[in-house]
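Trainee: Please take a close look at one part of this model, the second largest pocket, and set it in the context of its surroundings. Which residues line the second largest pocket?

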Amino acid sequence: MILASLLFAFLAAALHVFIFTMESLTWTKPATWKRFSIESQENAEITKPLAYNQGFYILFLAIGALVGIGLVAFGSDGSAQDVAGWTLVFASCGSMLLAALVLALSGRKYLRAAATQGATPLLAVVLGLVAVAL
């Protein structure tokens, strides 16, 4: 269970690094802004500072998950390092999951993106809770 949880946490973090790249580094490229339903290059330029900032929030969630994974993977079971690692995994993946829920509640057109964004952190949290409880 632990390995499966950490794998899904890693996949969630990797997806969020990819989203960071789009939002903070390639936002004004047509392939990116079209993916986010931005209507024009002009609108992409206008929203660039907001996307840039949001991208870093997403990156920091990914970093939290990755540090947590490392702490769990290299800490002994029940140690302070292990507890800190699980805390980071749950906090980071839980935040990713809640952000996906907010996205899903924003409208039907966002359901697919929300499912993509939320599936791996959901599995990481559920499997992690089972692993910690056993």
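Mentor: In this predicted model, the lining of the second largest pocket is made up of Ile2, Asp77, Gly78, Asp82, Val83, Trp86, Ala131, Val132 and Leu134. Six of these lining residues are nonpolar, one is polar and two are charged. Helix H4 makes the greatest contribution, three residues, and both H4 and H5 provide at least two. The volume of this pocket is about 150 Å³.

Trp86 leads from the pocket lining to the largest nonpolar core, where Trp86 is among the residues that touch the most other members, together with Leu6, Ala9, Ala65, Ile69, Val89 and Cys93. This core has 14 residues, and helices H1 (2–25), H3, H4 (80–105) and H5 (111–133) each give two or more residues to it. Leu6 illustrates the packing: beyond its neighbours within four places in sequence, Leu6 is in contact with Trp86 and Val89, and also with Ile69, Val72 and Ala73. In general, nonpolar side chains of soluble globular proteins tend to be buried together.

The largest pocket offers a point of reference, with about 890 Å³ of space. Its lining comprises 28 residues, and Glu23, Phe36, Leu103, Ala113 and Gln117 lie nearest its centre. H1, H3, H4 and H5 each give two or more residues to that lining, and H3 supplies the largest share, seven residues. By class, the lining of the largest pocket has 17 nonpolar, seven polar and four charged residues.

Notes
Residues numbered from 1 in each chain as written. Predicted model: local features only at pLDDT ≥ 70, side-chain atom pairs only at ≥ 80, totals over all residues. Heavy atoms only, no water. Core = buried A, V, L, I, M, F, W, Y, C linked by side-chain atoms within 4.5 Å. Buried < 20%, exposed > 50% of the residue type's maximum accessible area, 1.4 Å probe, protein only. Helix = DSSP H or I, 4+ residues; strand = E, 2+ residues; numbered from the N terminus. Contact = heavy atoms within 4.5 Å. 1 Å grid on protein atoms, 1.4 Å probe; cavity = no way out; pocket = protein on both sides within 12 Å on 5 of 7 lines; lining within 4 Å. Points joined across faces, edges and corners; volume = space filled by probe spheres on them. Nonpolar A, V, L, I, M, F, W, Y, C, P; charged D, E, K, R; others polar.
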